[in-house]
Amino acid sequence: MTVSTRLQSVSSRAMRIMYRSVGLHGEPIAVTGFLLVLRGTAPRGGWPVISWDHGATGMGPVCPPSRHANLYPSPDQYAETDMIEHLVQDGYAVVGTDYPGLGFPDTVENFPQTDLESRSVIDAVLATRQASTQLGRQWFAVCHSQGGTPVLSVGEDAARWAPRLRFLGTVALAPPSHFAAVMDEMGAARPPVNVGPAVLGRTSRWERTCTHRASSTRASWYRNSPRGSRRRSSAPTNSTSAGTTCSRSASGIPTGPATRRCAGSIDSLEPAKGRSTGPILRLQGERDQTVPVEVTTALDKELCDLGDVVNYRIYADATHESELSASYKDVAAWLRDRLQGQPAPTTCQPRAAHWRRGAR
């Protein structure tokens, strides 16, 4: 795989991969992604592995990270690439899934099919250990933005799907959640239909985010649900738009009955359905307008209530992009401590304290 000069300088091997995973109906599917193996001699037991989940890049065949030298469709976007470069420099092999459906002709990413994407994250690690003998059994799931939803589900399933590997924890930066609330916000956003560039300039970043996610969700739902697979010929025009657009809002907002049909399955997409087998580091920029801090804070309480070991940190001046660089020292230290077997810190309050406060 051809990668940027900076990634090439820290990697002894960069390859685009295709591996087997499991589809929506239990069928075998092919998924693409990338693998970066760092320079030098692997330690005893092999390099620890980071399974990287990328943020939103778009839904069409030209949008997957593995098709771009800097792992992003836009050449001037380097926030995620910088973090991946640092991870490699710090001694991790990094494997990144493109997500099921992203990167193949005439397909649309299965956005945001949480369980499907979560399985592809785990299967990517299993596959790359066959591609390189330098990779060890210890691994983490690390993500930004869109990747946060499936990554938070990885901890629930890692032991069952990859019992021979040693899952050490999850790092989630600005993970989206509460999709029903996003759909409600989208329904109230201006304008109700046919979003154009001129109008987008007058809407808030949060409204544009709701528009993009709702359009992407609807497009994927039509394409990939059992009902939608029988009705592709009648799919709305914004399915095509979402399938050919990278890193920008798709046109058209589903409203009225269409929104309600789509929202009916939204709850199944949420993370935090069960307890994670590994600790969780959750990071959020207070100035993030793409995934607001209020949403992430609400998710934090839900994870704590499940009994997860969660360390939640907010960076006062960080935006959706700058939170990656603002938090990296903390990320590196947290990963290193888990490799050394140190107990994971938690910011969760005792569950009894939650109950006592609620009782008042």
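**Disulfide**

I looked first for disulfides in this predicted model, and the count came to 1. I found that the bond is formed by Cys 304 and Cys 348, with their sulfur atoms 1.9 Å apart. I then located the two partners: Cys 304 belongs to helix α11, while Cys 348 sits in the loop between α12 and α13. The pair links distant parts of the chain, 44 residues apart. I read the torsion about the S-S bond as about -75°, so I recorded the disulfide as left-handed.

Are the two cysteines of this bond buried or exposed? Cys 304 has a relative accessibility of 8% and counts as buried. Cys 348, at 17%, also counts as buried, because the limit is under 20%. I also checked Cys 143, which is buried at 0% relative accessibility.

**The loop that holds Cys 348**

I stayed with the loop between α12 (323-339) and α13 (351-359), where Pro 343 is also found. Pro 343 has 74% relative accessibility and therefore counts as exposed, the cut-off being over 50%. I noted the C-alpha to C-alpha distance from Pro 343 to Val 309 as 9.9 Å, with their positions 34 residues apart in sequence.

**Strand β7 and its partners**

I turned next to strand β7, residues 280-285, and asked how many of its residues are buried. The strand is mostly covered, with 6 of its 6 residues buried. In a regular strand, side chains alternate between the two faces of the sheet. I therefore listed the two sides of β7 separately: Ile 280, Arg 282 and Gln 284 lie on one, and Leu 281, Leu 283 and Gly 285 on the other. Both faces are covered, as each of these residues is buried.

Which strands pair with β7? Strand β6 (residues 166-173) pairs with β7 in the parallel sense over 4 bridges. Along this pairing I found Leu 173 opposite Leu 283 of β7. Strand β8 (residues 310-315) also runs parallel to β7, and 6 bridges join the two. Here Arg 282 stands opposite Tyr 312 in β8. I followed the chain onward and recorded that β7, helix α11 (residues 293-305) and β8 make a right-handed β-α-β unit. Helix α11 of this unit is the helix that carries Cys 304.

**Salt bridges**

I counted 7 salt bridges and examined several of them.

The side chains of Arg 282 and Asp 300 meet in a salt bridge at 3.5 Å, N to O. Arg 282 lies in strand β7 and Asp 300 in helix α11, so the pair ties together parts 18 residues apart in sequence. I checked burial at both ends: Arg 282 is buried with a relative accessible area of 0%, and Asp 300 is buried at 11%.

The side chains of Asp 330 and Arg 313 form another salt bridge, at 3.3 Å, N to O. Asp 330 is in helix α12 and Arg 313 in strand β8, so this pair ties together parts 17 residues apart in sequence. Asp 330 is partly exposed at 25%, and Arg 313 is partly exposed at 24%. I also noted that salt bridges with shared partners join Arg 6, Asp 82 and Glu 85 into one network.

I then looked at Asp 157 and Arg 160, whose side chains meet in a salt bridge at 2.9 Å, N to O. How are these two residues placed along helix α4 (residues 148-161)? They are 3 residues apart, which means a separation of about one helical turn. Their exposure is at opposite ends of the scale: Asp 157 is buried at 11%, whereas Arg 160 is exposed at 57%.

**Nonpolar core and Glu 80**

I listed the residues that touch the most other members of the largest nonpolar core, which has 67 residues: Trp 52, Leu 87, Trp 139, Val 171 and Leu 335. I followed Trp 139 further and found that, beyond four places in sequence, it touches residues including Val 49, Ile 122, Val 154, Leu 165 and Phe 167. Arg 166, Leu 168 and Gly 169 are also among the residues touched by Trp 139.

Last, I looked up Glu 80, which is placed in helix α2 (residues 79-89). Glu 80 is buried, with a relative accessible area of 11%. Leaving aside neighbours within four places in sequence, Glu 80 is in contact with Trp 52, His 54, Gly 55, His 144 and Leu 324. One of these contacts, Trp 52, is also named among the core residues listed above.

Terms used
Residues are numbered from 1 along each chain as its sequence is written. This is a predicted model: local features need pLDDT of at least 70, side-chain atom pairs count only at pLDDT 80 or more; totals for chains, interfaces and linings use all residues. Side-chain values use heavy atoms; hydrogens and water are left out. Buried means under 20% relative accessible area, exposed over 50%, partly exposed in between (1.4 Å probe, protein chains only). Contact means heavy atoms within 4.5 Å. A nonpolar core is a set of buried Ala, Val, Leu, Ile, Met, Phe, Trp, Tyr and Cys residues joined through side-chain atoms within 4.5 Å. Two strands pair if DSSP finds at least two bridges between them. A crossover is right-handed if, with the strands pointing away from the viewer, the path from the first strand over the helix to the second runs clockwise. A disulfide is a pair of cysteine sulfur atoms within 2.5 Å. A salt bridge is a side-chain nitrogen of Lys or Arg within 4 Å of a carboxyl oxygen of Asp or Glu.
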